[in-house]
Amino acid sequence: MARAMVAFLASLLGHVRGGLSYVLIGAMYLVSGISGSKAADMAAVAPVLFPEMKARGAKPGDLVALLSATGAQTETIPPSLVPITIGSVTGVSIAALFTGGLLPAVVLGLALAGLVWWRYRNEDLSDVQRASGREIGKAFLVALPAIALPFIIRAAVVEGVATATEVSTIGIIYAVAAGLLVYRRFDRRRVYPMLVDTASLSGAILLIIGAATGMAWALTQSGFSTQLAALMRELPGGVPAFLAVSVIAFVVLGSVLEGIPAIVLFGPLLFPIAREVGVHEVHYAMVVILAMGIGLFAPPFGVGYHAACAISRIHPDEGMRPIVGYLVVLAVGLIVVAAVPWISIGFL
């Protein structure tokens, strides 16, 4: 399904300067609407695009830097695990989080696309042929079942057909049917390893949540949570100061703890404060998720960055310098999302 999406986007944009980088940004957006796991998203897209991008002269460091940046960009896209966790531990509507997460990712994607345009404005594409309208139409028809899945997942949750947990079953059944009947590339031998990986990941997440919940209880009993709440309420500057401190805190937490443990630990403490100071819960969730995403994919500590390097088989040192520019534009996009609540709550 990922290959079909990438092929369609490449037929549209492959002939423009930096076109495959735009395809990477768009493909990560679409694929993120299927799996909910950033590692799975990157593993689906990078092997398809990177060989051709390298053939066009892209440097390995640039590739892994952009892959990491798109991983941070798409953290809010449903059915991402982090919004589901936020809804579970704070009581915020998961359907509202799924709706609110689409547009913030677009804002960050546009920021990344702007930097791509600047970096590749002089790219030589004299030997690249533009796809015909017939080829684009054919690629679209092939990709249509794959493109439809993210919208089916979102619609099922928003319309109340299924919960965020139940909709995963719908996604699996749809993907299996598409693999067997449409793309005919479903490898039955991979089912058992996938089930093992799923059980392992589920166990790891439950262990993290269990440990984080115990830590949260300890922090509450020690009085730390009360002191933190009082400190955040008394910040001078009102809502902007509260959001700024939250962004800095969750960038650090995302780098050190990753998203799920950080949310389990600090979500129940900070979301009630956000309500008290007048910040909409969904808006605050989007700001927090994007901040954690930047921390998660920022070197040298971000686990997501090293996962991107492992998936693309590129040494982490090669992406250190190129990723700085992407992190800057991601930070600018995050500031825009934080300053304009409508981006997060305009469609609720």
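The following legends describe close-up views of a predicted model.

**View 1. Confidence along the chain of the predicted model.** The protein chain has an average pLDDT of 85, and 99% of its residues reach a score of at least 70. Confidence is lowest in helix α11, which covers residues 224–233 and has a mean of 74, whereas the highest value, 94, belongs to helix α17, made of residues 342–345. Where pLDDT is low, the predicted coordinates should not be read in detail.

**View 2. A network of salt bridges joins K38, D41 and E75.** Of the three salt bridges that the structure holds, this view takes in those that link K38, D41 and E75 in a network. K38 pairs with D41, and the closest N and O atoms of this salt bridge lie 3.3 Å apart. Because K38 and D41 are three residues apart in helix α3, which spans residues 38–55, about one helical turn separates them. K38 also forms a salt bridge with E75, where the closest N and O atoms are 3.8 Å apart. This second pair links distant parts of the chain, since K38 lies in helix α3 and E75 in the loop between α4 and α5 (81–90), with their positions 37 residues apart in sequence. K38 counts as buried because its relative accessibility is 8%, and D41 counts as buried because its relative accessibility is 0%. The partners K38 and E75 are both buried.

**View 3. The salt bridge between R275 and E281.** Here the side chains of R275 and E281 meet in a salt bridge, with a distance of 2.2 Å from N to O. R275 has a relative accessible area of 41% and is therefore partly exposed. E281 is likewise partly exposed, because its relative accessible area is 23%, a value that lies between the limits of 20% for buried and 50% for exposed residues.

**View 4. The lining of the largest cavity.** The structure holds one cavity of 30 Å³ or more, and the space in the largest cavity comes to about 30 Å³. Its lining consists of S21, L24, M53, D62, L63, L66, Y120 and Y326. Two elements, α2 (19–35) and α4 (60–73), each give two or more residues to this lining. The largest share comes from α4, which supplies three residues to the lining of the largest cavity.

**View 5. A nonpolar patch on the surface, with helix α16 as its main contributor.** The side chains shown are those of V324, V328, V332, V336, V340, W342 and F347, which form a nonpolar patch on the surface and together have about 640 Å² of accessible area. Helix α16, formed by residues 316–339, gives the most to the nonpolar patch, contributing four residues. V324 is located in helix α16, and V324 counts as partly exposed because its relative accessibility is 47%.

**View 6. Helix α15 at H306, and the spatial relation of H306 to V64.** H306 has its place in helix α15, which is made up of residues 303–312. With a relative accessible area of 34%, H306 is partly exposed. Although H306 and V64 are 242 residues apart in sequence, the distance between their C-alpha atoms is 9.5 Å in space.

**View 7. Two cis peptide bonds between prolines.** The peptide bond that runs from P78 to P79 is cis, and its omega is near 5 degrees. P79 belongs to the loop between α4 and α5, and E75, a partner of K38 in View 2, is placed in that loop as well. The peptide bond from P299 to P300 is also cis, with omega near 5 degrees. P300 is found in the loop between α14, which covers residues 281–296, and α15. As background to this view and the next, most residues other than glycine have a negative phi, and most peptide bonds are trans.

**View 8. The backbone at R313.** R313 has a phi near 55 degrees, which is a positive value in a residue other than glycine. The place of R313 is in the loop between α15 and α16. R313 is exposed because its relative accessible area is 78%, and the cut-off behind this label is a value over 50%.

Methods. Residues are numbered from 1 along each chain as its sequence is written. This is a predicted model: local features need pLDDT of at least 70, side-chain atom pairs count only at pLDDT 80 or more; totals for chains, interfaces and linings use all residues. Side-chain values use heavy atoms; hydrogens and water are left out. Patches are made of residues with over 30% relative accessible area and no salt bridge: like charges are joined within 9 Å, nonpolar side chains (Val, Leu, Ile, Met, Phe, Trp, Tyr) within 5 Å. Accessible areas come from the Shrake-Rupley method with a 1.4 Å probe; for residues, only the protein chains shown count as cover. A salt bridge is a side-chain nitrogen of Lys or Arg within 4 Å of a carboxyl oxygen of Asp or Glu. Buried means under 20% relative accessible area, exposed over 50%, partly exposed in between (1.4 Å probe, protein chains only). pLDDT is the predictor's confidence in each residue, from 0 to 100. On a 1 Å grid over the protein atoms alone, a cavity is a set of points where a 1.4 Å probe fits but cannot get out, and a pocket is an open set with protein on both sides within 12 Å along at least five of seven lines; lining residues have an atom within 4 Å of a point. Grid points are joined across faces, edges and corners, and a volume is the space filled by probe spheres set on the points.
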